[in-house]
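Please read these notes with the model open beside you. They go through a few places one at a time.

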Amino acid sequence: MALLQIAEPGQSPQPHQRRLAVGIDLGTTNSLVAAVRSGLSAPLADESGAVIVPSAVRYFADHVVVGEPAKAAASSDPLNTVLSVKRLMGRGLEDVKQLGEQLPYRFVAGESHMPFIDTVQGLKSPVEVSADILRVLRQRAEAALGGELVGAVITVPAYFDDAQRQATKDAARLAGLSVLRLLNEPTAAAVAYGLDQQAEGLVAIYDLGGGTFDISILRLTGGVFEVLATGGDSALGGDDFDHAIAGWTVEQAGISSDLDPTQQRLLLEAACAAKEALTKHAETQLSYGDWQASLSRAQFNALIEPMVARSLKACRRAVRDAQIELEDIKAVVMVGGSTRVPRVRAAVAELFGREPLTDIDPDQVVAIGAAIQADTLAGNQRGQGEELLLLDVIPLSLGLETMGGLMEKVIPRNTTIPVARAQEFTTYKDGQTAMLIHVLQGERELISDCRSLARFELRGIPPMVAGAAKIRVTFQVDADGLLSVSARELVSGVEASIQVKPSYGLTDGEIARMLKDSFQNAGEDKVARVLREQQVDAQRLLEAVEAALLADGERLLEADERLAIEAQMQQLRELMAGNDGLAIEQQTKRLTQVTDAFAARRLDATVKAALAGRSLNEIEE
Amino acid sequence: MGSPCHFALFDLQPDFRVDLDLLAARYRELARHVHPDRFADAAEREQRLALEQSAQLNEAYQVLRSAPQRARYLLTLRGAELPLEVTVQDGEFLLQQMHWREELEDLQDSADLAGVASFKRRLKAAQDELNESFAVCWDDPQQREQAERLMRRMQFLDKLSFEVRQLEERLDD
């Protein structure tokens, strides 16, 4: 037995203490939360045994109802009951109008161009509505697991853009969840399948949910899940099948398409029921008001054919982007409730030339995979053989506006994240002292066809002749797929940077107000909560530094460096016993600073050791 | 922290001929150690460092696994800076380029899928041939100019294969 437990970076010194972390599938139609317990990942159920929470939120003047009872009220109280809010995440009012459907809400513009929904409880942004769903899932998890969560992995469609991802992260923050990682839904599904079946090789994940479609191509190699390409449509899903049936009904019944909110909901509910019936039966009765007709599966297939075709086109593109052939793919996995539609299964089987896998419940597979990743990220899998590693990509190219309204790509789509890339630009006028940096996302050449993510200005460039200034713009995308951009004039060193806050995101003011509201609603003592968070952060840092000193202190630190670190640690320990949150926070920062160089040396040493270890193995072979 | 040579990062000697499977295996192994997922519960500083190292690793991997980018990188290791866009004095290739492009346009007009497939095969063969030629001359200072010319040809064919993929997408309607 080893006398000393050598801790890996980031590992807590008590490896047997399990840290509670969950995976959350925040879906358009349904949401669920899963966790790994006794080595098995499974969704968590409520008291009645139900694992699925319909993504429906109903607002009353003084309280909120989430899930099945809210969904049931969709037609009786359409203005205060929000369904499919995911389709509104990270979108502007203009986008919402272009979603091509009537939504039964009263929309109001916010300070940030975000569509706010006017309810009996006041204006609600899509972020707040999502946070209400997440809060219910968090409470369910804490009740089931019996403790506070260290964090959650929340899944997003792979094809979500920066604004949609940021909105999801904001929602988690509002719900009091610490986000360990935003994980792409198809990648999560691949984890659930890959680990289950010990798969190796190329795998395609076809994920058709309520409102979004993703296709991802992955290479699985010994626990490493490498996404080669991803594609999709963040506005294509089972909801569109419902709308197609509803449109057909309006046409057949000869009724006006200008329906009031209650009628709209009733029509969509009838359409959805017909769609589900056609999965099992070749024909179904559809009734709306006094009107009744039968709809056959063949008719339904014809209605949805354009949408199915769109999804297949995205599949072919992803295969091309991955620079492989369709025949190279060893398995196709079906994810999302809409893959139950027989026509969808048949079309996918035909394209890939093999029967798709449906062994794991398509409604649960994403949450199950996310829970496995959450368990890994929380450090619970360490030391148990090869750890799982996910290497994901950005779904859409990122770039800048250049002269003539053109988009210049800085990072092309399907680049592995994290990534940092810089590009140099120059001034085009003599004496120009400022430059507008307009950040865009998309594949088209004209900026008007791309999504505008942010604009900021680099000011204070010293006057020079045109073309003399050297402005380096750096894009960095983190492991959540979130972008930050900085710009620097190299001759003078003038700098400007932003964490991209999408044009359609919430402003900081809006977030602050919502946080305040949510604390009041939840009856939580904000001060106590903040203090607890600071203590947890401080404790985590102390444990990490202790483990690091034990492992590498001798090797990588001079005696005086070590003494300085230990002095700061002692001071932090003393402060933690008290309740001065600010002092704890400041001392945590100080300890971080004083251990900065040590941390960098350790990471370098890790990389060297990885190579050395590899060489040894090769010699042995 | 300076950025080490891309080849050294993977414990490889700078060379154009690279065992891509070995490179991929080493990439995965290194990624296991520096990926931010390993530091999800660590302090913010460790997360930032992991982000930087991981981005650097991804960049190096991306450059080394692509033949034109690897070629370009080798030449910059051996000598002066290479501007991205230059007027290439390569008359013979210029003519060839025009042929490639005209053919691609014809394929678009005729929406000839079989023709596109055959074009891709020939393009691949031309790329393989260029890679071979580059591999034997890049390290010889006497043939530096030739190596640079070959590298630029590789870049062009790479761009062309991207355009073929775009064409395939347009034809896929």
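The points below concern a predicted model and take up its nonpolar cores, a recorded domain, one helix and one residue.

1. Start with the largest nonpolar core, which has 49 residues. Within this core, the residues with the most contacts are B:Phe10, B:Phe16, B:Phe134 and B:Leu157. Its biggest contributor is helix H7 of chain B (residues 144–171), which gives 9 residues. Domain 1 (6–65) and domain 2 (91–172) of chain B each supply at least three residues to this core.

2. Another core lies apart from that one and has 47 residues. Its members include A:Tyr206, A:Leu208, A:Leu268 and A:Val319.

3. In chain B, the UniProt record (an unreviewed entry) lists residues 5–77 as "domain: J". Over residues 5–77 of chain B, the model is 71% helix and 0% strand. The C-alpha atoms at the two ends of this stretch are 9 Å apart.

4. Helix H10 of chain A covers residues 365–377, 13 residues in total. From first C-alpha to last, H10(A) reaches 18 Å, close to the expected 18 Å. Because 13 of its 13 residues are buried, H10(A) is largely enclosed by the rest of the structure. After H10(A) comes A:Gly379, with a positive phi near 90 degrees.

5. Is A:Thr284, in strand E16 of chain A (residues 283–288), buried or exposed? A:Thr284 has a relative accessible area of 12%; buried means under 20%, so A:Thr284 is buried. Leaving aside residues up to four places away in sequence, A:Thr284 touches A:Ala274, A:Ala277, A:Leu278, A:Ala293, A:Ser294 and A:Leu295.

Definitions and conventions. Residues are numbered from 1 along each chain as its sequence is written. Chains are lettered from A and ligands numbered from 1 in the order in which they are written. This is a predicted model: local features need pLDDT of at least 70, side-chain atom pairs count only at pLDDT 80 or more; totals for chains, interfaces and linings use all residues. Side-chain values use heavy atoms; hydrogens and water are left out. Buried means under 20% relative accessible area, exposed over 50%, partly exposed in between (1.4 Å probe, protein chains only). Contact means heavy atoms within 4.5 Å. Helices (H or I, at least four residues) and strands (E, at least two) are DSSP runs, numbered from the N terminus. The expected span of a helix is 1.5 Å times one less than its number of residues. UniProt positions are given in the numbering used here, feature names are shortened, and annotations may be inferred rather than shown by experiment. A nonpolar core is a set of buried Ala, Val, Leu, Ile, Met, Phe, Trp, Tyr and Cys residues joined through side-chain atoms within 4.5 Å. Domain bounds come from an automatic or database domain assignment.
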